[in-house]
There are 2 protein chains.
Amino acid sequence: MSERSEQIVDAARALIDEGGSAALTMRALGERLNIRAPSLYKHFPNKSAVEAQVITRAMRELASALARADSLVALAATYRAYALAHPHLYRLMNCGPLPRHLLPPGVEDAAALPLVRAVGGEMNRARAAWAFAHGMIILELDGRFPPDADLDSAWSTGLAAFADPARR
Amino acid sequence: MSERSEQIVDAARALIDEGGSAALTMRALGERLNIRAPSLYKHFPNKSAVEAQVITRAMRELASALARADSLVALAATYRAYALAHPHLYRLMNCGPLPRHLLPPGVEDAAALPLVRAVGGEMNRARAAWAFAHGMIILELDGRFPPDADLDSAWSTGLAAFADPARR
DNA sequence: GTCTATACAGAGATAGAC
DNA sequence: GTCTATCTCTGTATAGAC
């Protein structure tokens, strides 16, 4: 990818991180680079291609953070921290259909690997734990829990259920 | 609500159920009723008001289905069945910010009540179980699990973790 | 690679006649 | 309560000059 293309993805990421997916428009993107929107099409075929690059970068970022966690509990903490620090990027990555045909192969799997490892390859447990974590995050981001809900406790309750199957 | 208003909400619900939230446009709504879009504004102040009515109706529908379930497992099955039968309505209700100021009071709580009852009022367990169920559904609807994933098993694994705390 | 000019689409909503 | 006509806005994307 050329220098210029990198800058475009940088700017696109920043726009989304700050204002959500809706804030990424070709006009806004051009403006941020002091360029007119049509010029962007010399570097990317369309908006989806730019978005896909942002997704790819975010997934790798998250994956590398997760790789540093050792236990399931630590993994959950890292995952949640990323989501709360970058709610819009989290959504971009994890909500709605994923444009897999525009992503380099392996990116998605790499992001999932730390969790699979943490549960010793038990895929049912990995999927259930992922669903729990994603559900907690998205419900929190969407403001669906009551303002006074103790979410730390809810996380603990859920994690206790998944983290230690030997005791069940 | 007048007869006509009911018809409008009916049509709006049908549009969303069939084509998702994006399919609800004032033009399409008018068309379905053999009416021009501007006429709708004699019955509702704007599109959000119509949408809120659809949400209200869907929440009551889901709540009454859930009320018939007795155990946590039965509740989960009912919840999932509704979501898979009406994925777009499920999304409308449960994804993104909820326009609470446009909903009649109590609707949201009524939908949550069956779950709270099923876990004996333990709110942490209720929230964790909700997050798990919502996560499983939304990841499934968004096509985030591999095509060959055995989701029934993942549900079982998750529910076993939440349904029987006495054994933990 | 960047520009200007522009096409094109589709959305929500309003004014005022009937 | 419904109509026609229309406004306004905001997107994506293309053509062609420089």
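Me: How do the residues of the surface near DNA strand D divide into nonpolar, polar and charged?

Reply: Heads-up: this is a predicted model, where local features need pLDDT of at least 70, side-chain atom pairs count only at pLDDT 80 or more, and totals for chains, interfaces and linings use all residues, while side-chain values use heavy atoms and leave out hydrogens and water. "Near" means that a residue has a heavy atom within 4 Å of the strand. Ala, Val, Leu, Ile, Met, Phe, Trp, Tyr, Cys and Pro count as nonpolar, Asp, Glu, Lys and Arg as charged, and the others, Gly among them, as polar. On that scheme, the split for DNA strand D is six nonpolar, five polar and five charged.

Me: Which residues come nearest to DNA strand D?

Reply: For the labels, residues are numbered from 1 along each chain as its sequence is written, with chains lettered from A and ligands numbered from 1 in the order in which they are written. There are 16 residues around DNA strand D, and the ones that come nearest are A:Arg27, A:Lys47, B:Arg36, B:Lys42 and B:His43.

Me: What share of the atoms of DNA strand D that come within 4 Å of the protein is sugar and phosphate?

Reply: We're counting the strand's own atoms here, with the 4 Å cut-off to the protein. Sugar and phosphate account for 52%.

Me: Which side chain has an N or O atom 2.4 Å from a base nitrogen of DNA strand D?

Reply: A polar contact is a pair of N or O atoms within 3.5 Å; within protein, one must be able to donate a hydrogen and the other to accept it, and residues adjacent in sequence count only if both atoms are side-chain atoms. Two other contacts go to phosphate oxygens of DNA strand D: the side chain of A:Tyr41 at 3.1 Å, and a backbone N or O atom of B:Arg36 at 2.6 Å. The base nitrogen is paired at 2.4 Å with the side chain of A:Arg27.

Me: Which elements give two or more residues to the surface near DNA strand D?

Reply: Elements are DSSP runs numbered from the N terminus: H or I of at least four residues for helices, E of at least two for strands. Both chains chip in, with α2 (26-32) of chain A and α3 (37-40) of chain B.

Me: What angle do the axes of α4 and α5 of chain B make?

Reply: Axes are lines fitted to C-alpha atoms, for helices over the stretch in contact, with angles from 0 to 180 degrees between N-to-C directions. Contact means heavy atoms within 4.5 Å, and residues such as B:Ala58 and B:Leu62 in α4(B) meet a set in α5(B) including B:Leu75 and B:Tyr82. The axes of α4 (residues 47-67) and α5 (residues 72-85) come within 9 Å and cross at roughly 150°.

Me: Why is the pair A:Phe132 and A:Phe162 put in its class, and what is that class?

Reply: Rings of Phe, Tyr and Trp (its six-membered ring) pair if their centres lie within 6.5 Å; planes under 30 degrees apart count as stacked, over 60 as edge-to-face and the rest as tilted. That rule gives 11 aromatic pairs over all chains. For A:Phe132 and A:Phe162 the centres are 5.9 Å apart and the planes sit at 50°, so the pair is tilted.

Me: Which side chain makes a polar contact of 3.1 Å with that of B:His86?

Reply: B:His86 lies in the loop between α5 and α6 (87-94) of chain B. Setting aside neighbours within four places in sequence, B:His86 is in contact with B:Arg13 and B:Asp17. The 3.1 Å polar contact is with B:Asp17.
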